[in-house]
Amino acid sequence: MSEVHAVLIDVLGTLVELESPGPALREEIERRTGIDVGEERAAQAFGAEIGYYLAHHMEGRDMPAVEALRDRCAEEIRRSLGLDELDHATARAAMLAALRFRAFPDAPPLLQLLRARGTRLVAASNWDASLPEGLERTGLAPYLDGAVSSAVVGAAKPDPAVFRAALALAGCEPADAFHVGDSPRGDVDGARAAGIRVALLDRHGVLPDPPEGVPKISSLDEVASVIWPA
């Protein structure tokens, strides 16, 4: 078995989590307008935004396109809430302020450990071109050698093109890399299609068992022992 020189790692659900956006949107709208839209309406509005984003995130191939996509997402929130008092600029600002990503507690220790071993680290995620910006806000960017997003590549996981782009950034071959992610299809199937060994992260113990030979882990604390067994 080849030595692992690079670790590719998924972002949302693996390195970072999104704080519940409904309550945050409710808070931000009330702070900006004085109107309390209520928990249910705020949750529905952000649900509409997320649905629109997931359907269109591949359009965010560069930052001007991301800004245009954010404009359209903000309009989904306005449409869902139906508030005459909520103008576009306010809805957009509230939406962006409610998108609060934070690193999982086990993410920095893993990245620090891997960096100490001289391992190249590349984030590979289904995301728009703002992925580096998002990683900066969570404090994880300094640990990474780079980030590859599906919108910039022009293909979404499980398409192996995302993994090939990450390998190119890491400067290594598939046999010398390892991937970690929380999606059986996007991460496990995608990495295997690219010829990369992979571990499935199941933080909540709800995912089906992966194919034989693919370890399932419950925490990033287990990654090093999977890659380098004692």
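These are short worked exercises on a predicted model.

**Exercise 1. The sheet**

Task: Find the order of the six strands in the open sheet, and say which strands are the edges.

Solution:
- Step 1. Read the order: β5-β4-β1-β6-β7-β8. The pairing is parallel.
- Step 2. Look for strands that pair on one side only. These are β5 (146–149) and β8 (216–217), the edge strands.
- Step 3. Check the β8 end. Two bridges join β7 (residues 197–201) to β8. L200 stands opposite K216 in β8.
- Step 4. Add the helices that pack on the sheet. α8 touches β1, β4, β5 and β6 (177–181). The direction of α8 makes about 155° with that of β4. Helix α6 (residues 131–138) touches β4 and β5, and its direction makes about 130° with that of β5.

**Exercise 2. Strand β6**

Task: Work out which residues of β6 are buried on each side, and how β6 is joined to β1 and β7.

Solution:
- Step 1. Count the buried residues: five of five in β6.
- Step 2. Split them by face. In a regular strand the side chains alternate between the two faces of the sheet. A177, H179 and G181 are on one side of β6, F178 and V180 on the other. Both faces are covered.
- Step 3. Take the β1 side. Four bridges join β1 to β6. I9 has V180 as its bridge partner in β6.
- Step 4. Take the β7 side. Four bridges join β6 to β7. F178 has R197 as its bridge partner in β7.
- Step 5. Trace the connection. β6, helix α9 (residues 184–193) and β7 make a right-handed β-α-β unit.

**Exercise 3. Helix α5**

Task: Decide where the buried residues of α5 (residues 107–116) lie around its axis.

Solution:
- Step 1. List the buried residues: A107, L110, L111 and L114.
- Step 2. Use the arc. These residues cover only 95° around the axis, so they are on the same side of α5.
- Step 3. Find what covers them. The cover includes β1 (6–9), β4 (120–125) and α10 (223–227).
- Step 4. Look past the helix end. G118 follows α5, with a positive phi near 80°.

**Exercise 4. Residue K157**

Task: Is K157 buried or exposed, and which residues does K157 touch?

Solution:
- Step 1. Locate K157: the loop between α7 (150–153) and α8 (160–170).
- Step 2. Compare with the cut-off. Buried means under 20% relative accessible area. K157 has 9%, so K157 is buried.
- Step 3. List contacts beyond four places in sequence. Among them are D10, S125, N126, H179 and D187.
- Step 4. Find the polar partner. A polar atom of the K157 side chain lies 3.0 Å from the backbone oxygen of A124.

Note on methods. Residues are numbered from 1 along each chain as its sequence is written. This is a predicted model: local features need pLDDT of at least 70, side-chain atom pairs count only at pLDDT 80 or more; totals for chains, interfaces and linings use all residues. Side-chain values use heavy atoms; hydrogens and water are left out. Buried means under 20% relative accessible area, exposed over 50%, partly exposed in between (1.4 Å probe, protein chains only). The arc is that of the directions from the helix axis to the C-beta atoms. Contact means heavy atoms within 4.5 Å. A polar contact is a pair of N or O atoms within 3.5 Å; within protein, one must be able to donate a hydrogen and the other to accept it, and residues adjacent in sequence count only if both atoms are side-chain atoms. Two strands pair if DSSP finds at least two bridges between them. Axes are lines fitted to C-alpha atoms, for helices over the stretch in contact, and angles run from 0 to 180 degrees between N-to-C directions. A crossover is right-handed if, with the strands pointing away from the viewer, the path from the first strand over the helix to the second runs clockwise.
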